[in-house]
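Visitor: I am in my first year and would like to learn how to read a protein model with care. Could you take my questions one at a time and show the reasoning behind each reply?

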Amino acid sequence: MGLQEFEEYAEKAKTLPDSTTNENKLILYGLYKQATVGDVNTARPGFFNLKDKAKWDAWKAVEGKSKEEAMTDYITKVKQLLEEAAASTS
């Protein structure tokens, strides 16, 4: 699995249905940030910024994963969600 495949699945992730849970979207967000940036490099957003705080927490949850491992996990998760979406429409 390389960067090209990761980028392909990042594009496919944009096609996930609206019914994709926020929990799954946050998992993907955290893995994407870990794969592209590495460990969290910003301060945790303030108490009233719930959306950004949730995104930061999702990224922090995968801290320490290598970029390659995060890419692999991201691709696996996108594949799983696409399969679930396909199964629910048939």
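Visitor: Which residues in α3 are buried?

Guide: Please keep in mind throughout that this is a predicted model. A residue counts as buried when its relative accessible area is under 20%, and the cover over the buried residues of α3 includes α2. The residues of α3 that are buried are Lys53, Trp56, Ala58 and Trp59.

Visitor: What does the secondary structure of the chain come to, in helices and strands?

Guide: Reading from the N terminus onward, the elements of the chain follow the order α-α-α-α. The secondary structure therefore comes to four helices and zero strands.

Visitor: Among the elements of the chain, which has the lowest mean pLDDT and which the highest?

Guide: For the chain, the average pLDDT is 95, and 98% of the residues score at least 70. When the elements are taken one by one, the lowest mean pLDDT is the 95 of α4, while the highest, at 98, belongs to α2.

Visitor: Which element gives the largest share of the largest nonpolar core?

Guide: That core has 15 residues, and those with the most contacts inside it are Phe6, Leu28, Tyr74 and Val78. Two or more residues come from each of α1 (3-13), α2 (22-36) and α4 (67-89). In soluble globular proteins, nonpolar side chains tend to be buried together. The largest share of this core, six residues, is given by α4.

Visitor: Which residues does Tyr74 touch, not counting those up to four places away in sequence?

Guide: Tyr74 is one of the residues with the most contacts inside the largest nonpolar core, which makes its list of partners worth reading slowly. Once residues up to four places away in sequence are set aside, Tyr74 touches Phe6, Tyr9, Ala10, Ala13, Leu28, Leu31 and Tyr32.

Visitor: Does Asn24 count as buried or exposed?

Guide: Asn24 has its place in helix α2, and its side chain makes a polar contact of 2.9 Å with the side chain of Lys77. Leaving aside neighbours within four places in sequence, Asn24 is in contact with Lys77 and Leu81. Because its relative accessibility is 14%, and the limit is under 20%, Asn24 counts as buried.

Visitor: And Gln4, does that residue count as buried or exposed?

Guide: Gln4 lies in helix α1, and its C-alpha is 22 Å in space from that of Trp59, a residue 55 places away in sequence. The relative accessibility of Gln4 is 60%, and since the class in question begins over 50%, Gln4 counts as exposed.

Visitor: How many residues apart in sequence are the parts that Asp57 and Arg44 tie together?

Guide: Side chains of opposite charge can pair when their charged atoms come close. Asp57 forms a salt bridge with Arg44, with the closest N and O atoms 2.7 Å apart. Because Asp57 lies in helix α3 (residues 50-60) and Arg44 in the loop between α2 and α3, the parts that this pair ties together are separated in sequence by 13 residues.

Visitor: With which residue does Lys60 form a salt bridge?

Guide: The structure holds five salt bridges, and in the one asked about here the closest N and O atoms are 2.9 Å apart. Lys60 is partly exposed, with a relative accessible area of 36%, and its partner is partly exposed as well, at 35%. The residue that forms this salt bridge with Lys60 is Glu63.

Visitor: Which residues are linked with Lys65 in a network of salt bridges?

Guide: One link joins Glu69 to Lys65, where the closest N and O atoms are 3.7 Å apart. Glu69 is partly exposed at 40% relative accessible area, and Lys65 is partly exposed at 23%. The residues linked with Lys65 in the network are Glu69 and Asp73.

Visitor: What radius of gyration does the chain have?

Guide: The C-alpha trace spans about 40 × 30 × 15 Å along its principal axes, and buried residues make up 30% of the 90 residues in the chain. With 90 residues, a compact globule would have a radius of gyration near 12 Å, and the chain agrees with this, having a value of 14 Å.

How values were computed
Residues numbered from 1 in each chain as written. Predicted model: local features only at pLDDT ≥ 70, side-chain atom pairs only at ≥ 80, totals over all residues. Heavy atoms only, no water. Core = buried A, V, L, I, M, F, W, Y, C linked by side-chain atoms within 4.5 Å. Buried < 20%, exposed > 50% of the residue type's maximum accessible area, 1.4 Å probe, protein only. Contact = heavy atoms within 4.5 Å. pLDDT = per-residue confidence, 0-100. Polar contact = N/O pair within 3.5 Å; in protein donor to acceptor, adjacent residues only side chain to side chain. Salt bridge = Lys/Arg side-chain N within 4 Å of Asp/Glu carboxyl O. Rg over C-alpha atoms; globule rule 2.2 N^0.38 Å.
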